[in-house]
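User: I am new to this structure. Could you take me through the surroundings of the ligand?
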Amino acid sequence: MELWFTEHQTKHLGLTVRVKETLYMGKSDFQDVAVVDTYEFGRMLVLDGVFQTSVYDEFIYHEMIAHVPLFTHPNPKRVLVIGGGDGGTVREVLKHPTVERVEMVEIDGLVVEVSKKFLPEISEALISKPAQLELKIDDGIRHMAKAQDLYDVIIVDCSDPIGPGEGLFTPAFYRDVHKALKADGLFVQQTESPFYHQALIKDLRKDIEALFPITKTYLAHIPLYPGGAHCFTVGSKQYDPANSANRRGADLKTRYYNPELHSSCFVLPNFVKDILK
Ligand code: SAM
């Protein structure tokens, strides 16, 4: 029998994949957690029915959420990742030799354990546990409220703004992010689809602009996510990510990111510029 799984991306749109095998299904205190092996995307992590990452295309999201902010900062030493339970973002952060310490604060320990077991290519840093990495199972909102003047770069690798991720898209959280960053720090957050989450993108951009002198949005092409185009938003106290012409990235082993793409990902189509006006 053929088995198909649909993620309902909007009320009226779904992405359906043919499943080879269901590898895991469970429930944590926060969400339903599943791993399925699929024909087109390979193994995929699914939380509350929403596709989070796949072995096939994860490199795009994880390289773009990590290397754009890390190559914008001239000397990132201390980095905080909120969420990112599959481990792909910290794997990329740890490619930067300047990084002395990376804290990862993920609310759901089950996501970490399941990723280590079924997605080892993505979670390799969580398995090998390099000395620079400190993993905390905690609410990122609570962690941020306590932090002050600590981080060079903060990466908010969160799920959608529902369930445990809801509070990561609020003005109060952005105020805490601003406070947690050093005087020249910057942060990036995954901010959903420019096709299907326009009101959210508009509102959070306004909230971030109210706090940070430099606010920029960039795009990457990610087949797994709604519409295939995905938005990231940067708030920066000093360095402009769109003008960071940083050649350090040329030496890094990546499959999507490169220094030319770093500059060009900030060139936005008119319909996205209109959302941000
Ligand atoms: N690449 C993904 C995407 O855009 O769909 C995000 C993947 S990562 C798995 C998202 C993680 O954020 C999940 O593991 C979830 O448990 C975590 N998360 C959600 N809310 C959180 C919070 N308040 N604090 C820390 N982690 C949180």
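Analyst: What follows concerns the ligand and its contacts. This is a predicted model, where local features need pLDDT of at least 70, side-chain atom pairs count only at pLDDT 80 or more, and totals for chains, interfaces and linings use all residues. Residues are numbered from 1 along each chain as its sequence is written, and side-chain values use heavy atoms, with hydrogens and water left out.

User: How many residues surround the ligand?
Analyst: The shell holds 25 residues, each with a heavy atom within 4 Å of the ligand. Gln31, Glu106, Asp139, Gly140 and Tyr225 are the closest.

User: Which polar backbone atom is 2.8 Å from the ligand?
Analyst: That atom belongs to glycine 140, and its partner is a nitrogen atom of the ligand. Such a polar contact is a pair of N or O atoms within 3.5 Å. Glutamine 31 places a polar side-chain atom 2.9 Å from a ligand oxygen atom.

User: And glycine 165, how far is its backbone N or O atom from a nitrogen atom of the ligand? What is that distance?
Analyst: The distance is 3.3 Å.

User: Which classes make up the shell around the ligand?
Analyst: Ten residues are nonpolar, nine are polar and six are charged; Gly counts as polar and Tyr as nonpolar.

User: Which domains does the shell draw on?
Analyst: Domain 1 (3-54) and domain 2 (58-276) each give at least three residues, with bounds from an automatic or database domain assignment.

Conventions
A polar contact is a pair of N or O atoms within 3.5 Å; within protein, one must be able to donate a hydrogen and the other to accept it, and residues adjacent in sequence count only if both atoms are side-chain atoms.
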